[in-house]
Amino acid sequence: MVKIAVSSDNHFDLNKVPLTETISQQTAYLKDQQIDYYLIAGDLFNDFRKSADYVQRLSSQVDSTHVFFIAGNHDMIRGISYEELENGRWPGYLNNQFVDIPNTDYRIIGLNGWYDYTFAVNEDKTEDEFHRWKMAYWIDGLISQPMSDPDRERIVINQLRKQLQNAESAHKKVILMTHFVPNQHFIHYTDDFRFWNMANAMMGSIQFQNVINEFQVEKVIFGHIHQRLDPIKIGETTYYNAAVGYHNRRHNEWQTDDFISEWENQLKMFEVF
């Protein structure tokens, strides 16, 4: 039996979390729960180098647990280029990589993900209009990339399909970790709040969802949305979102007053055999 814990959207910097103390507390909890794999689905810091450094520090203290992470959109804001995100290698960084869990049929696949505006089904806008809105109002306007958002998502879709084909050929069950929203079920549409209808364009991709369904991926871990969600099975796939979210003057999404309590409450755990 292998025990897996998942988290995302810790936002250590935005939440002003005391990092050294928190790493010690997380280490103690992961050891106490006898976690074999701790998977982080992005958005640790607004700086990739800080995110990678955190993972390295945590890994060095919780040596009985394998720690893996991918980049969320916040991690991509500074300290990293698109080319480095795609091709760079840091301890525990799992984008477009996989890890087979020994003595099981399971494979963990990591993919940062992106979006192509297709979740914004109730906004009749062109690709250029979505892009201009993003650059004006969405934090991802700070992220540099050498192609359009739909073109970037097409690369992600091709990576996903290739990874799943390889897993299928190897007769592996898949645990997919991505940052962006992997299924339209989790998208909120409204008739009276246009901002979020436009923001849905930056949530994920219907094409990504279709590939997950095509290959009947068993488990998907994701972040990006800061809702309090129980694991849910849709079709053949069980989805896990363990986002901690924001706790500051502008946004308070926590149900407790301290980070470690919120992290523990939001942590999702499951076992594979």
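## Cavities, cores and one exposed loop residue

About 40 Å³ of space lies in the second largest cavity of this predicted model.

User: What makes that space count as a cavity, and how many cavities are there by the rule applied?

Analyst: A cavity is a set of grid points where a 1.4 Å probe fits but cannot get out, and the count of those of 30 Å³ or more comes to two. With about 40 Å³, the second largest cavity falls within that rule, and the largest, with a volume of about 50 Å³, does so as well.

User: Which residues line the second largest cavity, and how does its lining divide by class?

Analyst: Its lining consists of Gly113, Trp114, Glu153, Thr178, Phe180, Val181, Pro182, Gly204, Ser205 and Phe208, which by class gives five nonpolar, four polar and one charged residues.

User: Which helices supply at least two residues each to the lining of the largest cavity?

Analyst: They are helix 3 (82–87) and helix 5 (149–169), and helix 5 gives the largest share, three residues. The lining as a whole is made up of Met76, Tyr82, Glu86, Asn95, Asn112, Gly113, Arg152, Val156 and Gln159, with three nonpolar, four polar and two charged residues by class.

User: Why are the buried residues of helix 8 said to line one face?

Analyst: In helix 8, which spans residues 259–266, the buried residues are Phe259, Ile260, Glu262, Trp263 and Gln266. Seen down the helix axis, these buried residues fall within an arc of 160°, so they line one face of helix 8. Among the elements that cover them are strand 1 (2–7), helix 1 (19–32), strand 2 (37–40) and strand 10 (268–272).

User: What makes a group of residues a nonpolar core, and which have the most contacts inside the largest one?

Analyst: The term requires buried residues of the listed nonpolar kinds, joined through side-chain atoms within 4.5 Å. The largest such core has 71 residues, and those with the most contacts inside it are Tyr38, Phe48, Tyr54, Leu176 and Trp263. Apart from it lies another core, of 20 residues, including Val99, Ile221, Phe270 and Val272.

User: Why is Asp230 called buried or exposed, whichever applies, and where is it found?

Analyst: The term exposed calls for a relative accessible area over 50%; Asp230 has 65%, and is therefore exposed. Asp230 sits in the loop between strand 7 (219–222) and strand 8 (232–234), and its C-alpha atom is separated by 8.7 Å from that of Ala242, twelve residues apart along the chain.

Technical notes: Residues are numbered from 1 along each chain as its sequence is written. This is a predicted model: local features need pLDDT of at least 70, side-chain atom pairs count only at pLDDT 80 or more; totals for chains, interfaces and linings use all residues. Side-chain values use heavy atoms; hydrogens and water are left out. Buried means under 20% relative accessible area, exposed over 50%, partly exposed in between (1.4 Å probe, protein chains only). Helices (H or I, at least four residues) and strands (E, at least two) are DSSP runs, numbered from the N terminus. The arc is that of the directions from the helix axis to the C-beta atoms. Contact means heavy atoms within 4.5 Å. On a 1 Å grid over the protein atoms alone, a cavity is a set of points where a 1.4 Å probe fits but cannot get out, and a pocket is an open set with protein on both sides within 12 Å along at least five of seven lines; lining residues have an atom within 4 Å of a point. Grid points are joined across faces, edges and corners, and a volume is the space filled by probe spheres set on the points. Ala, Val, Leu, Ile, Met, Phe, Trp, Tyr, Cys and Pro count as nonpolar, Asp, Glu, Lys and Arg as charged, and the others, Gly among them, as polar.
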